Each structure stands twice: as C-alpha cells, then as structure tokens.
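Colleague: I am new to this structure and should be grateful for a close look at a single part of it. Would you please take me through the largest nonpolar core and what surrounds it?

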Amino acid sequence: AVVSTQSTGFHMWETDVKCFVEEVPDETMISGKYKVEVYDDKSEQFINKEGIGMHVDIKDPEQKVILSKYYTNEGQFVFTTHTPGEHHICLSPNSTRWFSGGSRLRVHLSIDVGEHANDYKQIQAKEKLSELQLRVRQLLEQVDQITKEQNYQRSREERFRFTSESTNNRVLWWAVAQTSILLIVGAWQMRHLKGFFEAKKLV
C-alpha cells in the first residue's frame, strides 16, 4: 500500500550496500529516518560512534538520481516522487575501506510513504491549526493519496492488459506464419515428389 510506514533493523559491514524498493505513484512524499550503531569489541555491544555516517542514494524508475547525499550516523531524508513506479533507496556507510570487512554495523531504518511522511505536529505549529483543522487536513491528504494509488493501479492494469494483448497477437501471428510455412513446404514437397515420379515414369 502507498500510505504506509515500515520499520526494519539490519546488520551490515562498512563496505556493504543495502537497497530497498518502494513502488509508489508520482507526486508521493517519502521520508526515511535511520540510525547507525557500531559494534564495540570491548563491550560486545553496538554503540553510537562519530565518524561513521551514511550515504543515501535514491533513483527513480528511469534510474535518474533523485537524491545522493552523505549524512551523519543518524539522519533523515525526504523526497517527492515525480515518476510512478519502483524507486530504489540504497544506503552505504561512508567508509574509506576499499575491501570487505571493517566494523560491523547495526542500522535502524523507518520509511514513511504518503501522508505518513508528513510531520503533522510541525505543520500544526507552523500553520496554527486547531485539532479539528489538523484532522481534516490529514483526512484530505489521505483521500488524495488513495486517489493517486487508485490511478497508479489503474495505469498498471492498462499496461498489463496492453502487454497481454500484444503478446497474444504475436503468438497468433507466429502460429499463422508457422502454418503458412508448413503448407508451402508441404506443397513444394508434393510438387517435387510428383516431378520425381514422373521423371522415373512411375506415374
């Protein structure tokens, strides 16, 4: 679903790259928050450590770079989609190591899509909205996001139907072509055999 929030935690090494895919319609806000912790051999725990940051690289369905930026060990990234489809969000530590290994990292990541990406407390304070006005604002944005999702799903269905029809047409014409070739080859073989038998005076 487009209007959603997902949180995850994962481990990675300094030289790793971790990517996530969000399939969303156009004009949809996506917000991500993350926190990186480094494994400390002495305490045998993951701890906050300065110097380990994160590079965030985001590409749209056409592989155009939407965002490419270095952050600290804890940060937030926000972007708005302009092309419907799969958006790739890739995280990689800002390590100077060139080969595998390095420190073991633990990353906490949450991605908010649609109206969940909005900070409504900040919006309420900035625009001085009452609780009722804020709730109406949220409902209107939810409806708008659902409409975008429906339009996106409709366009996907149209593309799928067009692909299916195109494939069926190609299969049909290929079958017609095969049948035509078989008929032509069969007629040629019959004519050749008839000529052969006539030459041998068998008929």
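Modeller: What follows describes the chain as a whole, then the core, and then two buried residues of its strands.

The model is a predicted one. Its chain holds nine strands and two helices, and the order from the N terminus is β-β-β-β-β-β-β-β-β-α-α, with the strands preceding the helices. The radius of gyration of the chain is 30 Å, whereas a compact globule of 203 residues would have one near 17 Å. The C-alpha trace spans about 100 × 50 × 25 Å along its principal axes. Of the 203 residues, 29% are buried. Where contacts join residues at least 6 apart in sequence, 71% of them link residues at least 24 apart.

The core you ask about has 23 residues, and F77, L91 and L109 are the ones that touch the most other members. At least two of its residues come from each of the strands β1 (4–13), β2 (18–24), β3 (29–40), β5 (54–59), β6 (65–71), β7 (74–80), β8 (85–93) and β9 (104–113). Strand β9 gives the largest share, namely five residues.

F77 deserves a closer view. Apart from residues up to four places away in sequence, F77 touches I30, S31, G32, V56, I58, L67, Y71, I89, L91 and L109. Two of these partners, L91 and L109, were named above together with F77 as touching the most other core members.

Two further residues show which other side chains are enclosed in these strands. E22 belongs to strand β2. Its relative accessible area is 10%, so E22 counts as buried, the limit being under 20%. Beyond its neighbours within four places in sequence, E22 is in contact with Q6, I30, G85, E86, H87, I89, I111 and V113. Among these, I30 and I89 are also touched by F77.

S110 is part of strand β9, the strand with the largest share of the core. S110 is buried because its relative accessibility of 18% falls under the 20% limit. With neighbours within four places in sequence set aside, S110 is in contact with Q6, S7, S31, G32 and K33. Of these, Q6 is also a contact of E22, while S31 and G32 are also touched by F77.

Finally, a word on the surface and the charges. The accessible surface of the chain is about 14200 Å², and carbon and sulfur atoms account for 54% of it. The chain carries 26 positive and 28 negative charges, whose mean positions lie 8 Å apart.

Methods:
Residues numbered from 1 in each chain as written. Predicted model: local features only at pLDDT ≥ 70, side-chain atom pairs only at ≥ 80, totals over all residues. Heavy atoms only, no water. Helix = DSSP H or I, 4+ residues; strand = E, 2+ residues; numbered from the N terminus. Rg over C-alpha atoms; globule rule 2.2 N^0.38 Å. Buried < 20%, exposed > 50% of the residue type's maximum accessible area, 1.4 Å probe, protein only. Contact = heavy atoms within 4.5 Å. Areas by Shrake-Rupley, 256 points an atom, 1.4 Å probe, with all protein chains shown as cover. Lys, Arg positive; Asp, Glu negative; His and termini not counted. Charge placed at Lys NZ, Arg CZ, Asp CG, Glu CD. Core = buried A, V, L, I, M, F, W, Y, C linked by side-chain atoms within 4.5 Å.
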